[in-house]
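Student: I should like to learn how the terms used for a protein structure are justified. May we take one model and test each term against its definition?

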Amino acid sequence: MDKIINVENVRFRYSDEGNEALKGINLSVNRGEWLAIVGHNGSGKSTLAKMLNGLHFPNEGVVTVDGTRLQEETIWEIRAKLGMVFQNPDNQFVGATVEDDVAFGLENHGVPHDVMVKRVREALKNVHMGDFLAQEPHHLSGGQKQRVAIAGVIALQPSIIILDEATSMLDPKGRKEVLEVVRKLKEEEELTVISITHDLEEASRADRIIVLNQGTVFKEGTPEEIFKLEDELTGLGLDSPFTIKLAGALKERGIPLSKTYLTEEELVNELCRSHLNM
């Protein structure tokens with residue numbers, strides 16, 4: 001498959017005396033996929049996210065983003081291809097209104113006014129916030145704020161979006177809203193999405209998961225493959241999704257399931273079908 005990001009033998013430490021945060025990492029991201037990079041605190045996932053955006057540079061190894069090698073002279077070229085949505089949406093707002101905030105990045109890039117207006121409104125429409133143009137950001141809910149933050153990124157038309165713990169401060173409703181928007185944008189805009197998270201519920205939405213542990217790649221595979229490693233994930237300090245826990249409890253009570261169900265809707269539908277066939 002077409003690789004949009006390659007990380008080859010990358011090592012990184014924050015100081016000469018410190019331990020390595022990344023220890024010879026090798027991974028790739030396919031163009032158009034949703035990749036979740038998961039791990040507990042200290043696993044190296046946040047360091048890796050910052051490196052992809054040019055906030056850190058490898059001590060050893062090579063990072064390539066859409067054909068461009070990460071170096072000091074290529075930082076802005078790479079950042080034009082990649083947008084980041086951070087943990088706390090309040091830290092990202094700079095405009096007095098939703099419309100001003102989404103327009104901020106476009107103004108900095110010198111986008112003509114008529115083009116900017118069109119992009120802002122399309123981006124907000126895509127995240128279901130088109131009716132909030134004149135709203136002050138601090139009046140929005142957590143999920144709405146994060147959707148506006150996503151709109152600010154997609155208005156810049158990057159090839160890649162990185163969600164850096166972007167749903168960790170949201171309630172379940174807000175988290176679901178944001179992940180549904182991301183899935184829709186990925187499919188309609190052919191975006192590459194990278195979720196940096198410790199939440200396996202969020203990771204279950206991805207096409208592929210890479211598990212980091214102590215600065216190395218521990219495992220990688222589809223969500224179904226990774227969630228079969230429930231005991232190993234628990235040993236790494238990662239909590240299995242609710243559906244996986246429930247399926248295990250049902251199996252202990254003599255109700256085995258034919259496959260791994262990643263969403264509550266899938267699991268409920270399977271249980272209803274099983275009940276009707278009894």
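Tutor: We may. Please keep in mind that this is a predicted model. Let us begin with its salt bridges, of which the structure holds 14.

Student: What makes the contact between arginine 11 and glutamate 20 a salt bridge?

Tutor: The definition asks for a side-chain nitrogen of Lys or Arg within 4 Å of a carboxyl oxygen of Asp or Glu. For arginine 11 and glutamate 20 the N to O distance is 2.9 Å, so the pair satisfies the definition.

Student: Why is arginine 11 called partly exposed?

Tutor: Partly exposed covers the range between the limit for buried, under 20%, and the limit for exposed, over 50%. Arginine 11 has a relative accessibility of 29%, so it counts as partly exposed.

Student: Which residues stand opposite arginine 11 in strand 2 and in strand 4?

Tutor: In strand 2 the residue opposite is lysine 23, and in strand 4 it is glutamate 60.

Student: How do you know that strand 1 is paired with strand 2 and with strand 4?

Tutor: Two strands pair if at least two bridges are found between them. Strand 1 (residues 3-13) and strand 2 (residues 20-30) are joined by 8 bridges and run antiparallel. Strand 1 and strand 4 (residues 60-65) are joined by 5 bridges, again antiparallel. Both counts therefore meet the requirement of at least two. In addition, isoleucine 5 stands opposite valine 65 in strand 4, and a hairpin of 6 residues connects strand 1 to strand 2.

Student: Why are strand 2 and strand 5 described as standing at the edges?

Tutor: The sheet is open and holds 4 strands in the order 2-1-4-5, with antiparallel pairing. Strand 2 and strand 5 (68-69) each have a single partner strand, so one side of each has no neighbour in the sheet.

Student: What makes phenylalanine 12 and tyrosine 14 an aromatic pair, and why is the pair called edge-to-face?

Tutor: A search of the whole structure finds 1 aromatic pair. The ring centres of phenylalanine 12 and tyrosine 14 are 4.9 Å apart, and their planes meet at 85 degrees. Ring centres must lie within 6.5 Å, and planes over 60 degrees apart count as edge-to-face, so both conditions are fulfilled. Phenylalanine 12 also counts as buried, because its relative accessibility is 7%, and the limit is under 20%.

Student: How do you know that the charged end of arginine 79 sits over the ring of tryptophan 76?

Tutor: The distance part of the rule asks for CZ of Arg within 6 Å of the ring centre, and the charged end of arginine 79 is 4.9 Å from the centre of the tryptophan 76 ring. The rule also requires a position within 35 degrees of the ring normal. The charged end of lysine 219 likewise sits over the ring of phenylalanine 218, at 5.9 Å from its centre.

Student: What makes the salt bridge of lysine 45 and glutamate 165 a tie between separate parts?

Tutor: The closest N and O atoms of lysine 45 and glutamate 165 are 3.6 Å apart. Lysine 45 belongs to helix 1 (residues 45-52) and glutamate 165 to the loop between strand 7 (160-164) and helix 6 (172-189), so the pair ties together parts that are 120 residues apart in sequence. Both lysine 45 and glutamate 165 are buried.

Student: Arginine 175 and aspartate 199 also meet in a salt bridge. Why is arginine 175 called partly exposed, and why is aspartate 199 called buried?

Tutor: Their N to O distance is 3.6 Å. Arginine 175 has 21% relative accessibility and so counts as partly exposed, whereas aspartate 199 has 19% and is buried. The limit of 20% lies between the two values, and this is why the terms differ.

Student: How do you know that the buried residues of helix 10 line one face?

Tutor: The buried residues of helix 10 (residues 242-252) are Thr243, Ile244 and Leu250. Seen down the helix axis, they fall within an arc of 125 degrees, so they line one face of helix 10.

Definitions and conventions: Residues numbered from 1 in each chain as written. Predicted model: local features only at pLDDT ≥ 70, side-chain atom pairs only at ≥ 80, totals over all residues. Heavy atoms only, no water. Buried < 20%, exposed > 50% of the residue type's maximum accessible area, 1.4 Å probe, protein only. Arc of directions from axis to C-beta. Phe/Tyr/Trp six-rings, centres within 6.5 Å; stacked < 30°, edge-to-face > 60°.
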